[in-house]
Amino acid sequence: MAVIITDTCINCAACIDECPVEAIVDEDDNPTGEEIYYVYEDKCVECVDHFDVPACAEACPTEECIVWGDPIEGMPASKDRGDKGTPIIED
Ligand code: SF4
Ligand code: SF4
């Protein structure tokens with residue numbers, strides 16, 4: 001699952017342009033129909049070879065909004081990734 005945007009997302013758009021691989025879509029394009037931003041797991045590279053920390057989570061102003069999902073077979077996985085459901089940025 002790469003990284004997951006949770007329902008605490010406030011649709012602020014801070015993350016979308018930070019993604020180096022355009023894996024994020026806004027609420028209008030969320031394939032689940034939820035009114036929040038969404039990360040395509042088949043595109044997210046967890047920012048490996050781009051940044052030290054997932055750029056979306058660094059940009060997000062909402063505490064613990066973006067969390068780790070499961071690693072996806074065949075996709076890059078951060079060596080620093082936490083367990084599924086744990087926030088990427090913790091205070
Ligand atoms: S972790 Fe990186 S590649 Fe994945 S959605 Fe966030 S910014 Fe994009
Ligand atoms: S930066 Fe965070 S709160 Fe803003 S749209 Fe992205 S996931 Fe949602």
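**Exercise 1. Work out which residues come nearest to ligand 2, and describe the shell by class.**

Step 1: collect the residues near the ligand, meaning those whose C-beta atom, placed from the backbone, lies within 6 Å of it. There are 14 residues around ligand 2, and Cys9, Cys12, Ala14, Cys15 and Cys60 come nearest.

Step 2: sort them by class. Ala, Val, Leu, Ile, Met, Phe, Trp, Tyr, Cys and Pro count as nonpolar, Asp, Glu, Lys and Arg as charged, and the others, Gly among them, as polar. That splits the ligand 2 shell into 12 nonpolar, two polar and no charged residues.

A quick note on the ground rules: this is a predicted model, in which local features need pLDDT of at least 70 and side-chain atom pairs count only at pLDDT 80 or more, while totals for chains, interfaces and linings use all residues. Residues are numbered from 1 along each chain as its sequence is written, and chains are lettered from A and ligands numbered from 1 in the order in which they are written.

**Exercise 2. Repeat the job for ligand 1.**

Step 1: here the shell holds 16 residues, with Cys19, Cys44, Cys47, Pro54 and Cys56 coming nearest.

Step 2: by class, ligand 1 is surrounded by 14 nonpolar and two charged residues, with no polar ones.

**Exercise 3. Lay out the fold of the protein and its overall dimensions.**

Step 1: count the elements, using DSSP runs numbered from the N terminus (helices are H or I, at least four residues; strands are E, at least two). You get one helix and four strands, in the order β-β-β-α-β from the N terminus on.

Step 2: check the radius of gyration, taken over C-alpha atoms, against the globule rule, 2.2 Å times the number of residues to the power 0.38. The value is 12 Å, close to the 12 Å that the rule gives for 91 residues, so the protein is as compact as a globular protein of that length.

Step 3: add the extents. Along its principal axes, the C-alpha trace spans about 30 × 30 × 20 Å.

**Exercise 4. Find the largest nonpolar core and the contacts of Ile24.**

Step 1: call a residue buried if 20 or more other C-beta atoms lie within 10 Å of its own, exposed if 12 or fewer, and partly exposed in between, with C-beta atoms placed from the backbone. By this count, 24% of the 91 residues are buried.

Step 2: join buried Ala, Val, Leu, Ile, Met, Phe, Trp, Tyr and Cys residues through C-beta atoms within 7 Å to get a nonpolar core. The largest one has 19 residues, of which Val3, Ile24, Val39, Cys56 and Ile66 touch the most other members. Two or more residues come from each of β1, α1 and β4 (66-68), and β4 gives the most, with three.

Step 3: list contacts (C-beta atoms, placed from the backbone, within 7 Å). Beyond its neighbours within four places in sequence, Ile24 touches Cys15, Ile16, Cys19, Tyr37, Val39 and Cys56.

**Exercise 5. Which residues have a positive phi although they are not glycines, and where do they sit?**

Step 1: Asn11 has a phi of about 55° and lies in the loop between β1 (3-5) and β2 (24-25). Asn11 is partly exposed, because 14 other C-beta atoms lie within 10 Å.

Step 2: Asp49 has a phi of about 70° and sits in the loop between β3 (38-39) and α1 (55-59). With 8 C-beta neighbours inside 10 Å, Asp49 counts as exposed.

Key:
Contact = placed C-beta atoms within 7 Å.
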